[in-house]
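This briefing sets out how the helices of one protein chain are placed and what their two sides face. Please keep the sequence and the model in view while reading.

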Amino acid sequence: MKTFKMISIKVLDEDKLVDFPLNDGIIINQENSHRMWILEIFIDEKHRQFFEQRIASEELFEAKVVISYPENEPAAFNVTASGLKKIGDNISVLMKGRLKRARTKYAEQLLEELISEGLDGPNLLERFETDMRERPRLKKDSVEE
């Protein structure tokens, strides 16, 4: 098994990525034949209902996780929420799932998408810089998966 520090997590909720500010987070590659990962986040209790609903539904949802360093590209996982514990004013949420296909060349794909939207010049540069920081879901990802 390999363990990594989780820097940030965003969860897809009704076609919108919701950021959950972490107090702490860890991600574990179980390195088993099922290619399973375990994600544990330690966040403010105000998010309890969001994750309780996901535990109750038992449905897969997408989580985008930045691992180890803030400048790393987010890794996309299909996960289920499987546990929640209250710890003081916070909650610990346990999720399990699989890494989605590895996406390489995010910058090139983003640039292609922005150009296809008709952006150019200073508008293209400004939007590209913003989107590289925020890493929105690409239209190509919405269609393929």
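The points below go from the whole chain to two of its helices.

The model is predicted. The chain holds four helices and seven strands, and from the N terminus on these elements follow the order β-β-β-β-α-β-β-β-α-α-α. Of the 145 residues in the chain, 35% are buried.

**Overall dimensions, contacts and surface**

- The C-alpha trace of the chain spans about 50 × 35 × 30 Å along its principal axes.
- Contacts between residues at least 6 apart in sequence include 54% that join residues at least 24 apart.
- The accessible surface of the chain amounts to about 9000 Å², and carbon and sulfur atoms account for 50% of that surface.
- The chain carries 23 positive and 28 negative charges, and the mean positions of these two sets lie 4 Å apart.

**Helix α1 (residues 48–57)**

- Which residues of α1 are buried? They are Phe50, Phe51 and Arg54.
- These residues cover an arc of only 85° around the axis, and therefore sit on the same side of α1.
- An α-helix has 3.6 residues a turn, so residues three or four places apart point the same way.
- Gln49 and Ala56, on the other side of α1, are exposed.
- The cover over the buried residues of α1 includes strands from both parts of the sequence order given above: β1 (2–13), β4 (36–44), β5 (61–67), β6 (75–87) and β7 (90–99).
- Glu58, just after α1, adopts a positive phi of about 60°.

**Helix α2 (residues 106–116)**

- The buried residues of α2 are Tyr106, Gln109, Leu110, Glu113 and Leu114.
- Why do the buried residues of α2 line one face of the helix? Seen down the axis, they fall within an arc of 135°, so they share one face.
- Glu112 and Ser116 are exposed, and lie on the other side of α2.
- Gly118 follows α2 and has a positive phi, near 90°.

**Summary of the two helices**

- In α1, the buried side carries Phe50, Phe51 and Arg54, whereas the other side carries the exposed Gln49 and Ala56.
- In α2, the buried set includes Tyr106 and Leu110, whereas Glu112 and Ser116 are exposed on the other side.
- A residue with positive phi comes after each helix: Glu58 just after α1, and Gly118 after α2.

Note on methods. Residues numbered from 1 in each chain as written. Predicted model: local features only at pLDDT ≥ 70, side-chain atom pairs only at ≥ 80, totals over all residues. Heavy atoms only, no water. Buried < 20%, exposed > 50% of the residue type's maximum accessible area, 1.4 Å probe, protein only. Arc of directions from axis to C-beta. Contact = heavy atoms within 4.5 Å. Areas by Shrake-Rupley, 256 points an atom, 1.4 Å probe, with all protein chains shown as cover. Lys, Arg positive; Asp, Glu negative; His and termini not counted. Charge placed at Lys NZ, Arg CZ, Asp CG, Glu CD.
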